[in-house]
Amino acid sequence: MKKSTNIDKLYPVLSIITIIFLWQIIVDLNNIPKYILPSPKDIALALKDDFNLIMTHTKVTLYESFVGFIFSIILAFLLAILMDSFTIIKKSFYPLLVISQTIPTIAIAPIFIIWFGFGTLPKIIMVIMACFFPIVISLVDGLEKIDNDYLRLFKTMNASKLQTFYHLKLPYAIVHLLSGIKIAATYMIMTAVVSEWLGGEGGIGVYMVRAKNAYALDKVFASILVIMVVSILTIYIIDFLGNKLIHWKTKKKGV
Amino acid sequence: MKMHLPTTSYHKGGYSSIINLNGIEKSFDDIKVLENISISIEKGELVSLLGPSGCGKSTIFNIISGLTPQDSGKLYIDGTIGYMQQKDLLLPWKNIMDNVALPLTIKGINKNAREEKVKKYLPIVGLEGYEKSYPSQLSGGMRQRASFLRTLMASEDIMLLDEPFASLDSITKSKMQLWLLKMKSKLNNTILLITHDIDEALLLSDRIYILSSKPATIKKEITLDFNMDNKKERLLSTKTLKLKEEILKLL
């Protein structure tokens, strides 16, 4: 079994190598100019030459993403606890949260730039707007889905509201929360980059726009590559931390 | 009107009882669930409530444990209550030690004291060495025993067991029934048991209250005063068979 899963992992790697190889050959054979479609070799060279600059910009994007992400988690926790404790708050805000998701990010980013300038603040706000929703919804749903029998168990033990929250609701909701956090993690870098396109002083999105305006498509592709790698790493790290948090779920039967 | 036996008068005095329900009535959305339920349980007794599924037996437990208020009737309880529901309800994110010690944690007892207390009981329920295991790693019978011990940690006076063995396979079930008898003789606490299994009630109980289907009323009270020292022998007794026939007619 284990052997076959290892081979399974090899298939996508092989197909990627094939695609890159074909891409290189097609560009070389047809003499496609760099400003139309750079070859994989051009992209690699652009990445190597501009590596330091790309990294400086990437740091800005990562900063915006993670600050926004962490704020989303904190805000989501606060709101979810309030919504769980007071039905009236839940009834008032839950529909608003759903409606807020229909607001297109790209449309309001320029407004934020007008309000908050070209710095990192409007980007962080955009990231919060994108990440907050999946986290808070997963948390609220998790808190709501707790088996009534468990709640009765805590009642018969005379547990206080806080004790019930700490020993029952929070750990129960964390499983649901993780699925929301994983979705948010895929959104966060993308959102930061898109907000940077619309105007900013630094960040990989700003770099991309500048490169595109100079028709340096090899640099555009190089930054796309960096965004992909960073996103995959982020998701992997969050997945890893999440699994640590719910280690009890992955424990196998039979000691 | 259905007849019901005046159960409190059955016992001398009636005030020595640790649980006393007198004329308890309960309706949910105009549907009567409990009608004139009078039960009294003496300290150290193991009493069963036997009735068809969904007849409102659990509602009686909910009233005794204070989860649901009764509409009318008097309720008297002398002691603390541990309520074990049908499902084991162990928290999957806590290991067995933390699960069993949960009622003590909620009472605010410090870590050392509660671990010491749980460690004292773990061998009795056959879970010694499983302190660090998680519920998902244990068998159904073991989880049920852990849940039993947690109920005991909540209260050593009175235990309400709501069909505790209903979800187990028949072999594990009969093992657990004998185990419960052993526990009972060691702990000498008061146990009130809900069951729809006639054989289970006949094997375990000192007394059985037989309940009718909705609205639940007490149809009959049966005292089992034979093979008290070794209830296991009841399985072979002709008295048991006669009682079973009588109960079957009633249900």
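These are my notebook entries on the contacts and salt bridges I looked up in a predicted model.

**Entry 1: where chain A meets chain B**

I began with the contact between the two chains, to which chain A gives 23 residues and chain B gives 23 residues. I then looked up the buried area, which comes to about 2300 Å² between chain A and chain B. Carbon and sulfur atoms give 63% of that area. Which three residues supply the most on the chain A side? My lookup returned A:Met157, A:His167 and A:Trp248, which together supply 27% of the area that chain A buries against chain B.

Next came the polar side of the same interface. I found eight residue pairs in polar contact between chain A and chain B, with both partners at pLDDT 80 or more. I also wanted to know which elements of chain A touch chain B with two or more residues each, and these are α7 (148-156), α8 (161-197) and α11 (247-250). Of the elements on this side, α7(A) gives the most, with seven residues. Sorted by class, the side of chain A that touches chain B has ten nonpolar, six polar and seven charged residues.

**Entry 2: salt bridges across the interface**

How many salt bridges run between chain A and chain B? I noted two. In one salt bridge, the side chains of A:Asp149 and B:Lys87 meet at 2.9 Å, N to O. I followed this pair further and found a network of salt bridges that links A:Asp147, A:Asp149, A:Arg152 and B:Lys87.

**Entry 3: a closer look at B:Gln85**

A:Asp149 and A:Arg152 turned up again when I looked at B:Gln85, whose contacts beyond its neighbours within four places in sequence are A:Asp149, A:Arg152, A:Leu153 and B:Asp162. B:Gln85 sits in the loop between β5 and α2 of chain B. Is B:Gln85 buried or exposed? Its relative accessibility is 6%, so I wrote it down as buried, the cut-off being under 20%.

I checked two polar contacts of this side chain. A polar atom of the B:Gln85 side chain lies 3.0 Å from the backbone oxygen of A:Asp149. The B:Gln85 side chain also makes a polar contact with the side chain of A:Arg152, at 3.4 Å.

**Entry 4: salt bridges within a chain**

Over all chains the count is 19 salt bridges, and I picked out a few that sit within one chain.

In chain A, I looked at A:Lys182 and A:Asp239, whose side chains meet in a salt bridge at 3.0 Å, N to O. A:Lys182 belongs to helix α8 of chain A and A:Asp239 to helix α10 (residues 217-245), so this pair ties together parts that are 57 residues apart in sequence. A:Lys182 is partly exposed at 35% relative accessibility, and A:Asp239 is partly exposed at 27%.

In chain B, I looked at B:Arg143 and B:Asp88, which form a salt bridge with their closest N and O atoms 3.1 Å apart. B:Arg143 is in helix α5 (residues 140-154) of chain B, while B:Asp88 is in the loop between β5 (81-84) and α2 (96-100), so the pair ties together parts that are 55 residues apart in sequence. B:Arg143 counts as partly exposed at 22% relative accessibility, whereas B:Asp88 counts as buried at 17%.

My last pair was B:Lys220 and B:Glu246, a salt bridge with its closest N and O atoms 3.6 Å apart. This pair links distant parts of the chain, with B:Lys220 in strand β9 (residues 218-223) and B:Glu246 in helix α8 (residues 238-250) of chain B, 26 residues apart. Both ends are partly exposed, B:Lys220 at 25% relative accessibility and B:Glu246 at 33%.

**Entry 5: the two domains of chain A**

The domain assignment of chain A gives domain 1 (1-31) and domain 2 (36-247). I noted that their C-alpha centres lie 31 Å apart. The contact takes four residues from domain 1 and seven residues from domain 2.

How much area do domain 1 and domain 2 of chain A bury between them? My entry reads about 460 Å², with 74% of it on carbon and sulfur atoms. On the domain 1 side, A:Trp23, A:Gln24 and A:Val27 supply 90% of the area buried against domain 2, more than any other three residues.

I looked for salt bridges across this domain interface and found zero. There are three residue pairs in polar contact between the two domains, both partners at pLDDT 80 or more. The side of domain 1 that touches domain 2 divides into three nonpolar, one polar and no charged residues.

Methods
Residues numbered from 1 in each chain as written. Chains lettered and ligands numbered in written order. Predicted model: local features only at pLDDT ≥ 70, side-chain atom pairs only at ≥ 80, totals over all residues. Heavy atoms only, no water. Contact = heavy atoms within 4.5 Å. Buried area = accessible area lost by both parts, 1.4 Å probe. Salt bridge = Lys/Arg side-chain N within 4 Å of Asp/Glu carboxyl O. Polar contact = N/O pair within 3.5 Å; in protein donor to acceptor, adjacent residues only side chain to side chain. Helix = DSSP H or I, 4+ residues; strand = E, 2+ residues; numbered from the N terminus. Nonpolar A, V, L, I, M, F, W, Y, C, P; charged D, E, K, R; others polar. Buried < 20%, exposed > 50% of the residue type's maximum accessible area, 1.4 Å probe, protein only. Domains from an automatic or database assignment.
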